[in-house]
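Reader: I am a first-year student, and I should like to take a close look at a single part of the protein shown below. Would you please describe its nonpolar core and the elements around it?

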Amino acid sequence: MPDSAELLWGAVGDISRFAALLTMAELGLADHLAHEPLDLGELASRCGAHAPSLRRVLRELAAMGLVREAEAYELTEKGAALRSDAPDSVRSSIRMLGEEGFWYAMGMLPATVRDGGSAFVKRYGHLYDHLAANPALSGMFNDYMSNRAVPITEGLVTRHDFTTTTTLVDVAGGQGHILATVLRANPHMRGILFDLEHVTEGARRTLAAEGLTGRAEVVAGDFFSGVPAGGDAYLLASVLHNWDDEDAVTILRNIREAMNPAGRVLVLEMVLPDGDEPHLGKDIDLRMLAFFDGGTERGLAEYAALLDRAGLALSGVVELGSGASLIEAGRR
C-alpha cells in the first residue's frame, strides 16, 4: 500500500479506535477490571452492557493493548490510565471528547469551513456557556484541561524564572492547578486567580486542598471588563486562542492597564511553526475552528502583532514541551 493511502486509512481507523476507547471510558471497564480478571458475562453484567456487543469492543481494545484476553479479560498497564482512581486519569478527558456536542462539532467541520462560522456555536451556543449550563460536562472539561496542563505546567515552573515575581495573576485560571503548581515551586510568591463566577468555587477548593489559601486569592469577573490590578506578572494560559484578534487585543489591553509599570505578560499557548511539519498546535487549531467563532492557534509573528496592538512588546519565547511555548512581553 502506498504511504499516502496508509496514512489516510490509518486516520479512518482512528475513528473506530477512539469509539472503542470512549466505550471503555463510558462503561467504566477499567474500574471493573481494576482488581481482578472477569469473564465476558460478568463484565457485561457489572457495566450494564450487551455481552455480544461488548465482546466486539473488547477485541478492538485488546488490539490496542488496553486489555488482555486469556481465560478472562484483564486490564493491562496501559489500560490502567482509564481507571477513575489512577493518578492523572484520562477517563474524564476521553468522556468529554466523546460528548454529543463535541462529536457534532468535529463531524460538522466541513459545514463550518463552508460557512465560515462554527456549526457547534449555531447549535449549542458559546462553548463556555454550554459548559456552564451542563455541570457534569463542565467537570469533565475541567479534568481534561487539568490533565493536559500537567506536562506544560512542569515546563513552566522549571524553564521560567519567577524570582522577581511577587504577585502572579492567573487570568482565566480555571480550577487553579497551574497557579497552585507555580506557588508551590516559588514560596516567596502570592497569587490571584481570576475567572468567571461559576468557575471560582472549584478554584477555591483546589487552592485550599493545596494549603495555599493564605497565599492565593480568588476573584470573580470578566476579563473583557477588566482584571485585578497590581500584579507583577499576568499569566494567560490557553486563553487567547479562544478569541479572534479584536477580542484578544482587548484582553491584552486590559492587562496592560492593570499591571505594575514593570509588569510582564506571560502568554502560554501552542505557537504554530512556519513550516509544514506536524505540530500538536495544528491538531488543536482544528478544534478551535470547530468550537469557536474566531478562536485560532497562531504563529509567533501573529502573537507579536497582537501584543504590539495592545501596547506591549514581545521580549522572549521559551519552549515548555508538549508543543507549548511561553511568550513573555512588557509595556512597549
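Author: The following account begins with the core and then turns to its surroundings and to the surface.

This is a predicted model, in which local features need pLDDT of at least 70 and side-chain atom pairs count only at pLDDT 80 or more, whereas totals for chains, interfaces and linings use all residues. Residues are numbered from 1 along each chain as its sequence is written, and side-chain values use heavy atoms, with hydrogens and water left out.

A nonpolar core is a set of buried Ala, Val, Leu, Ile, Met, Phe, Trp, Tyr and Cys residues joined through side-chain atoms within 4.5 Å. Buried means under 20% relative accessible area, exposed means over 50%, and partly exposed lies in between (1.4 Å probe, protein chains only). The largest nonpolar core has 42 residues, and Leu156, Leu168, Leu235 and Leu268 touch the most other members. Helix H10 (residues 135–159) gives the most to this core, namely seven residues. Helices (H or I, at least four residues) and strands (E, at least two) are DSSP runs, numbered from the N terminus.

Leu156 has contacts with Phe162, Ile178, Val182, Leu235, Leu268, Leu320 and Leu326, if neighbours within four places in sequence are left aside. Contact here means heavy atoms within 4.5 Å. Another core lies apart from this one; it has 28 residues, including Val171, Val249, Ala258 and Val265.

Two of the residues that Leu156 contacts, Ile178 and Val182, bring us to helix H11. In H11 (residues 177–185), the buried residues are Ile178, Leu179, Ala180, Thr181, Val182 and Leu183. Their cover includes helices H10 and H12 (197–209), together with strands E3 (167–171), E4 (190–195), E5 (216–220) and E6 (233–237).

Strand E3 deserves a closer look. Thr167 is found in this strand, and it counts as buried because its relative accessibility is 8%. Beyond its neighbours within four places in sequence, Thr167 is in contact with Arg190, Ile192, Gly231, Asp232 and Ala233. The loop between H10 and E3 holds Thr163. Thr163 counts as exposed because its relative accessibility is 56%. Although Thr163 and Met189 are 26 residues apart in sequence, their C-alpha atoms are 8.7 Å apart in space.

The part described so far may now be placed in the chain. The protein chain is divided into domain 1 (3–84) and domain 2 (149–273 + 293–331), with bounds from an automatic or database domain assignment. The C-alpha centres of the two domains lie 38 Å apart.

The surface also has nonpolar residues. Met106, Val113, Leu286 and Leu289 make a nonpolar surface patch of about 320 Å². Patches are made of residues with over 30% relative accessible area and no salt bridge, like charges being joined within 9 Å and nonpolar side chains (Val, Leu, Ile, Met, Phe, Trp, Tyr) within 5 Å. Accessible areas come from the Shrake-Rupley method with a 1.4 Å probe, and for residues only the protein chains shown count as cover. Leu286 lies in helix H14 (residues 280–291), and it counts as partly exposed because its relative accessibility is 41%.

Charged pairs complete the account. The structure holds 15 salt bridges, each being a side-chain nitrogen of Lys or Arg within 4 Å of a carboxyl oxygen of Asp or Glu. One of them joins Glu257 to Arg256, with the closest N and O atoms 3.7 Å apart; Glu257 is exposed, with a relative accessible area of 61%.
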